[in-house]
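Student: Please take me through this model and give the reason behind each label. I would like every value set against its cut-off.

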Amino acid sequence: MRSTGIPVMQLLCVLCVLCVLPASGELQQETEPRRLPPPGKLDFGYVPAGVYETLAHYEPGPIGILFHLVRAFLCVVQPNAFPQDLIVKLAKEKFGFIQTEYQKPENIVLTLQAIYYEIGFLACAAVGLVFAVLVPLIGLFFCMCRCCDNCGGEMHQRQRKNADCRRGLLGTLLFANSLVITIGVLCAYAANQNLSSQVKNIRRLVNSNMRDLHTFANDTPMQIDYLISQYATAKDKVIYDLDNIGPLLGGRIRDQLDKEVHPALDNVLNMAGAMRETKEALDNVNVGLEVLQEGTGRLNFNLSLVRTSINRTLNDPGCHDEESDATSAQLCRNIRRSLSQLQIAANFTRLPKVDAQLDKMNDVLRTDLSAVVQRGYDSLNNTPLMAVDQTRSVVESVRGLVDGIGSNVSSFSKVFPVQSSVSDFNIFISHAHAKIEDHYPDIDKMDFYRWIGCIALCCMVVLVLAFNYLGLLCGTLGYDKHASPTTRGCISNTGGTMLMAGVGFTVIFSWVLMGVVTIIFLAGGNMEKLFCEPFHTKDVFKVVDTPYLVEPNMKNFIPGLLYNDSHLELTAESLYSTCKENKGIYTAMRLDKVFNISTFLNTTLFTKDVVSQLDGVRIDLRGIILLEAEGRQNLLDFSEAGLSEINYADYLEEVNKGVTAMDLLLFATELEAQTDLMPRGALQRALKGHVGTLRQIHSQQIVSMEQAMKYVRARSALNQSIRFLERTASDLPNKVLALLDAIKAAQDLVSHNATRLINLETRKYTATIVGYFHQYMEWVKTSLSLEVAPCKPLSNLLDTAEIIACSFLVDSMNAFWMGLGCSTLFLLPGIILAVKLAKFYRRMDTEDVYDDIETIPMKTMEIGNNGYHSESPRGIPNPMMTSVPTHDSMNRFPRASAPPRHIDW
């Protein structure tokens, strides 16, 4: 075992290389460039892993039912919990190895505790021992007793009325008992065959475990190479971000500035739109005034003519002669007073044009403020290009650092002999496998001898069963109910003889069978309760991991042996459980004690040069001009365009008025009504002519003005334009000043106060770059703990040993003694039943005889010395049959009589 230390330590060195290499750089030959994942998250793929063949799980199949029965029986025999404390104490005291310490009180207590735990096994063993001792002795005395014609040894059977019923009952019980024995011996045979068949699977299990160990060793360098090569993924992403520092860093700075700058520029752009709309509104005002002034001017002129004509008509003498015609005079006065309503309402001619404001707006619009604002947008959007130009030297420095790290790794990886260590480990595995292969012939030979021995034990029981079944068969087939006990046939007699032969072989073999059963029971039962069952519940690991068990000064022996640090939390259970989960050997073996990868892969130490270079990034944004002086002056000119000088109230007042002060049709109707009240004459006819003229003016001018689109649009455009100009002119200078202040504040932010923002975004960008290295390092740590060199083969070795020892050997052994022991125990009632049943099958020497007339049993005298026959002293037979007195019960009712022998006839 000592020779295994060098390859194992070399393998540990290989794993240490695994810890160091990925933290420093990349391989000389990088893998093919992979498609970059979305920003921020790196995809390193999956660590290549070999497929382990060994399936450390055993399903016994149908025979598992028998195994469960055996375990249930053992739980009844031994219901106590696993004696962890007792085993630990025994191991620490080395009790049982030093004879001089047996008499110590503490050792006596331990002995009593061990006896208490084993009391079930000891009781069963005592029963087996008593069986093995007493059965041969009792069988010997039983044979001697039968030789003396006692214990059923005499060849005489008394005639009873229930003889047939007793014979059938005994035959049935013996057959049922034989069936139970048969089932037991079949179970023992099945267990024996199962063990032999499973021994053949040992080679397959061992071979698969060895192949897994080779896979484990051969895949480790490949996994190391993969971890190292994936540094290229992080490097490519870093280079990608460095090459795109403009949109990544400059773009972020622009986006942050845009939150403050964009609203100000948008407001300026909106003001430029307002300028154009103002100029359009002023144009609409002038055009609308011209149209409306033209239309209302003609109407006003015509109404003036009508009004003058009516006044001249009212100067008629008939309107002034109150004495002769007071009514007409009064009507004329009323008409003259109403002539003031005969005029236009909206007098657009009094409204001035806005030519002065329009001229100023034309001067303002000579400057394209939208283009000036767009140049401001473009200047802000050039931030990424400015970042690229101003960080070119820093990017080149960081790129050199990244390349330098890869070069360091390439040179550093050559220091450790990874391949040679793996080769040595493979040689060690192959050598160990060869040694195991050398023992296969011995294992096969030992299994063959074991199989022969178990078959021999089963054959002993089968021999007894054969005599029992043949005896039952011959006795049943050869039975003749008309035959007397002394005249039974040969077949029936043969059946009885076979039953007695079975009894004899039972006495001969039963003690051997029970002795073997007891030995196997003690060994297999204790193996099951002290190792196999605790292994599944992991109680056995608690014993192994007991502090200071192996050495008094060594708390945990595994780290004490490997790392000379017994206080390290590395136990057999944790090692087995971790490998059972197929995690990396770095985690399972706590190789961080040899090399702490977390300390080595320190992101701060690893990226400090990169951070220092990126902290030197300086971006000057003073070249960004949001709004040129031309644009500022343009805004000021707009605020001084004289929009506030327009009397918007006069415009709105005239726009909201009707065409005439009074409805011309209503006026004409009223005038006509008053004219009708006048007497007929020249005055009435003249006034009626004026009524017609008014109605003609209404239909030809007013109606056309109200319905013609030209006048409708002009009036609507004037109304909307005046209202728009009024809103625009409202506090326009203050709005422009506020807008210029916002632009100035945004410009100050970009030119003078963006340092904090630039530093903040630079730190974020640096954190992103460093984050790629951090992701790679964390991925290496995680992969090293979970995926690199998964130690499932190590736990499979222990599981395979448990399968071979427990599932193959112990379960089969226990099933064998269970079946054989059950058969052996049922041999005892078989002896009794066979002896009693043989009486009904064997031919007797004497039988009960009765007188046919008097129904009095008579005795036939024969030569013999058995108490039933008399012989003369001189050797002359007495053929006379004499009567027996009625008072002589012994002679009157003899036990048996037999027909005369052929020699006496």
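**Labels and their reasons**

Student: Which element gives the most to the lining of the second largest pocket?

Tutor: That is α31, with nine residues. The model is predicted, so local features need pLDDT of at least 70 and side-chain atom pairs pLDDT 80 or more, while totals for chains, interfaces and linings use all residues. Residues are numbered from 1 along each chain as its sequence is written, and side-chain values use heavy atoms, with hydrogens and water left out.

Student: What makes α31 a helix, and what makes a residue part of a lining?

Tutor: A helix is a DSSP run of H or I of at least four residues, numbered from the N terminus; α31 spans 792-825. A lining residue has an atom within 4 Å of a point of the pocket, on a 1 Å grid over the protein atoms alone. A pocket is an open set of such points with protein on both sides within 12 Å along at least five of seven lines, whereas a cavity is a set where a 1.4 Å probe fits but cannot get out.

Student: How many residues line the second largest pocket, and which lie nearest its centre?

Tutor: The lining has 25 residues, and V199, I202, I443, I804 and L809 lie nearest the centre. Two or more residues each come from α6 (163-229), α15 (440-477) and α31. The volume is about 660 Å³, taken as the space filled by probe spheres set on grid points that are joined across faces, edges and corners.

Student: How does the lining of that pocket divide by class?

Tutor: There are 18 nonpolar, five polar and two charged residues. Nonpolar means Ala, Val, Leu, Ile, Met, Phe, Trp, Tyr, Cys or Pro; charged means Asp, Glu, Lys or Arg; the others, Gly among them, are polar.

Student: How many cavities of 30 Å³ or more are there, and what lines the second largest?

Tutor: The count is two. The second largest holds about 30 Å³, and its lining is I181, V464, N468, G502, V503, T506, L827, G830, I831 and A834. The elements giving two or more residues are α15, α16 and α32 (827-841), and α32 has the largest share, four residues. By class, six are nonpolar, four polar and none charged.

Student: Why is the pair R71 and E528 called a salt bridge?

Tutor: The term requires a side-chain nitrogen of Lys or Arg within 4 Å of a carboxyl oxygen of Asp or Glu. The closest N and O atoms of R71 and E528 are 3.7 Å apart, so the pair qualifies. R71 lies in α2 (64-77) and E528 in α16 (490-537), so parts that are 457 residues apart in sequence are tied together. R71, E528 and D811 are linked in a network of salt bridges, and the whole structure has 19 salt bridges.

Student: How do you know whether R71 and E528 are buried or exposed?

Tutor: Buried means under 20% relative accessible area, exposed over 50%, and partly exposed in between (1.4 Å probe, protein chains only). R71 has 28%, so R71 is partly exposed; E528 has 5%, so E528 is buried.

Student: What makes R450 and D447 a salt bridge, and where do they lie?

Tutor: Their closest N and O atoms are 2.9 Å apart, so the pair meets the cut-off. Both lie in α15, three residues apart, about one turn of the helix. R450, at 22%, is partly exposed, whereas D447, at 13%, is buried.

Student: Why does the pair D539 and K542 count as a salt bridge?

Tutor: The closest N and O atoms are 3.6 Å apart, so this pair passes too. D539 and K542 are three residues apart in α17 (539-544), about one helical turn. K542 is partly exposed, at 40%.

Student: Why is E640 called exposed?

Tutor: Its relative accessibility is 57%, so E640 is over the limit for exposed. E640 is in the loop between α24 (629-639) and α25 (648-656).

Student: What makes the buried residues of α24 line one face?

Tutor: G631, N634, L635, F638 and S639 are buried in α24. Their arc is 140 degrees seen down the axis, so they line one face of the helix; the arc is that of the directions from the helix axis to the C-beta atoms.
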